[in-house]
Amino acid sequence: MKKIYLDNASTTSIRPEVVQEMTKVLLEDFGNPSSTHSFGRGAKVLVESARKSIAKQINAAASEIIFTSCGTEANNWILRSCVRDLKIERIITSKIEHHAVLHTAEMLIKEYNIQVDYVNVKPNGEIDFTDLVELLSQNKKTLVSLMHVNNEIGTVLNLEKAVRITHDYNALFHTDTVQSIGKTEIDVQKIPVDFLVASAHKFHGPKGVGFAYVKKNSGLQSMIYGGEQEKGLRAGTEAVHQIVGMAKALELSYENLTTERIHISELKKYIIGRLEIDFPDFKINGEETFYNILNVNLPLSEEKTSMLLFHLDMKGIAVSRGSACQSGSIKPSHVLAEILDNEEVKKPNLRISFSHYNTKEDVDALMEALKSI
Ligand code: PLP
């Protein structure tokens, strides 16, 4: 049975070229980048070249890229250090953020008694900018944290507008770009966010590594104490092979972006066309969504709904319901709960997310499987 992977918002398969680079590092460049001998210096060169390469992709300075173990860690660090070290008194975020942001903000209320405000989200998944302006007009030291592309429904924030409004009110702007880095152009000179985070496993790199972009002179301090790695901002021996793999994956993503984006966009159009024929009453959640994510409610009966993911899995097809952390649980996704009414949120829901490795045949197989339920 051919297995079909349509869950690329959860994670992506690693590119063979990335594995090759990483294997070389694992076998040949095992030095500790903090060692002063030639083994260490060699490893240090690899880490710093990777930093330069990643910085170049988003038009940042190399010194503004800090390596972390994942996107979650980077989000935790930025929010936490903004409160602890920059004396941020209030975080404005939204109820459709990833839990890496939402749960961190909740902890910061408990620990630091900060204020957290949630900007309104429209039923189409868009952030309500009028409400953002209203919230920002309260005079408090504020960090705005809004994700670029939503991982469940694929709605896209107008980053430029969000940053402009935030800076007009002298607040700081952080964005979770875990779903968009490597899949769309990001230029931190053109759109001057203060912080952003990324995770390699979402752009065909290895798991267990990510990075934060932290604008020069931000004042952030380390959350993890130990050695002087990452200029004292993130202690712990650098995972050289992971970092090199991440830089290679990002480089390849941007090198191939134009063709891969066209291919994936066509697949999305194709599946929407097929859904219109086979399930005419289906509904897309979110409007003007990112090209690799499609979140739909399907007109299926209740008994079929309970079997949906299981049935697809038996046929070797991987899709997801809401976010990966929630699949299998009966709780509705917090994102859908925010944008859908009580009836719609109970309907069977699928998130189909593509990569350039997918084909029209994969879509056909999914459609046939859905019809046979
Ligand atoms: N933010 C978003 C939008 C995500 O989709 C994810 C992954 O699911 C994360 C953060 C967490 O990233 P990581 O898996 O690297 O911790």
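In this predicted model, G42 is partly exposed, with a relative accessible area of 31%. That value falls between the limits of 20% and 50% that bound the partly exposed class. G42 is found in helix α2, and a useful landmark for it is E28. The two residues, G42 and E28, are separated by 14 positions in sequence, and their C-alpha atoms lie 9.9 Å apart in space.

A second residue of this helix is L46, which lies in α2 as well, a helix that covers residues 38-57. L46 counts as partly exposed because its relative accessibility is 23%. Beyond its neighbours within four places in sequence, L46 is in contact with V25, D29, V240 and V244. One of these partners shows how the fold brings together distant parts of the sequence: L46 and V240 are 194 residues apart along the chain, yet 7.2 Å separates their C-alpha atoms.

V240 leads on to helix α7, which spans residues 240-255. With 16 residues at 1.5 Å each, α7 should span 22 Å, and its end C-alpha atoms are indeed 22 Å apart, so the expected and modelled lengths agree. Helix α7 is largely enclosed by the rest of the structure, because 13 of its 16 residues are buried.

The loop ahead of this helix deserves a closer look. E230 lies in the loop between β8, residues 210-214, and α7, and K231 has its place in that loop between β8 and α7 too. Although E230 is not a glycine, its phi is positive, at about 50°. K231, likewise a residue other than glycine, has a positive phi near 50°. What sets the two apart is their surroundings: E230 is buried, with a relative accessible area of 5%, whereas K231 is exposed, with a relative accessible area of 57%.

R234 also lies in the loop between β8 and α7. At 18% relative accessibility, R234 counts as buried, since the class takes in values under 20%. Its contacts, leaving aside neighbours within four places in sequence, are with I66, F67, T68, S69, E73, S222, I224 and Q229. As with L46, some of the partners come from far along the chain. R234 and I66 are 168 residues apart in sequence, while their C-alpha atoms are 7.6 Å apart in space.

Another of the R234 partners, E73, is a buried residue of helix α3. This helix takes in residues 71-84. Its 14 residues should span 20 Å at 1.5 Å a residue, and the distance between its end C-alpha atoms is 20 Å, so here too the expectation is met. Helix α3 is mostly covered, with 11 of its 14 residues buried. Besides E73, the buried set includes G71, A74, N75, W77 and I78, and it continues with L79, R80, S81, C82 and V83.

A further buried site is found in helix α6, residues 159-168, where T166 has its place. T166 counts as buried because its relative accessibility is 0%. Apart from residues up to four places away in sequence, T166 touches L136, V144, A171, L172 and F173.

These local views fit into a wider picture of the protein chain, whose secondary structure comes to 11 helices and 12 strands. The radius of gyration is 21 Å, close to the 21 Å that the globule rule gives for 373 residues, so the chain is as compact as a globular protein of that length. Along the principal axes, the C-alpha atoms fill a box of roughly 65 × 55 × 35 Å. Of the 373 residues, 55% count as buried. The long-range pairs described above have company, too: among contacts between residues at least 6 apart in sequence, 72% join residues at least 24 apart.

Turning to the surface and the charges, the accessible surface of the protein chain comes to about 16700 Å². Carbon and sulfur atoms account for 53% of that area. The chain carries 43 positive and 48 negative side chains, and the centres of these two sets lie 3 Å apart.

Conventions: Residues are numbered from 1 along each chain as its sequence is written. This is a predicted model: local features need pLDDT of at least 70, side-chain atom pairs count only at pLDDT 80 or more; totals for chains, interfaces and linings use all residues. Side-chain values use heavy atoms; hydrogens and water are left out. Helices (H or I, at least four residues) and strands (E, at least two) are DSSP runs, numbered from the N terminus. The radius of gyration is taken over C-alpha atoms; the globule rule is 2.2 Å times the number of residues to the power 0.38. Buried means under 20% relative accessible area, exposed over 50%, partly exposed in between (1.4 Å probe, protein chains only). Contact means heavy atoms within 4.5 Å. Accessible areas come from the Shrake-Rupley method with a 1.4 Å probe; for residues, only the protein chains shown count as cover. Lys and Arg count as positive and Asp and Glu as negative; His and the chain ends are not counted. The place of a charge is taken as NZ of Lys, CZ of Arg, CG of Asp or CD of Glu. The expected span of a helix is 1.5 Å times one less than its number of residues.
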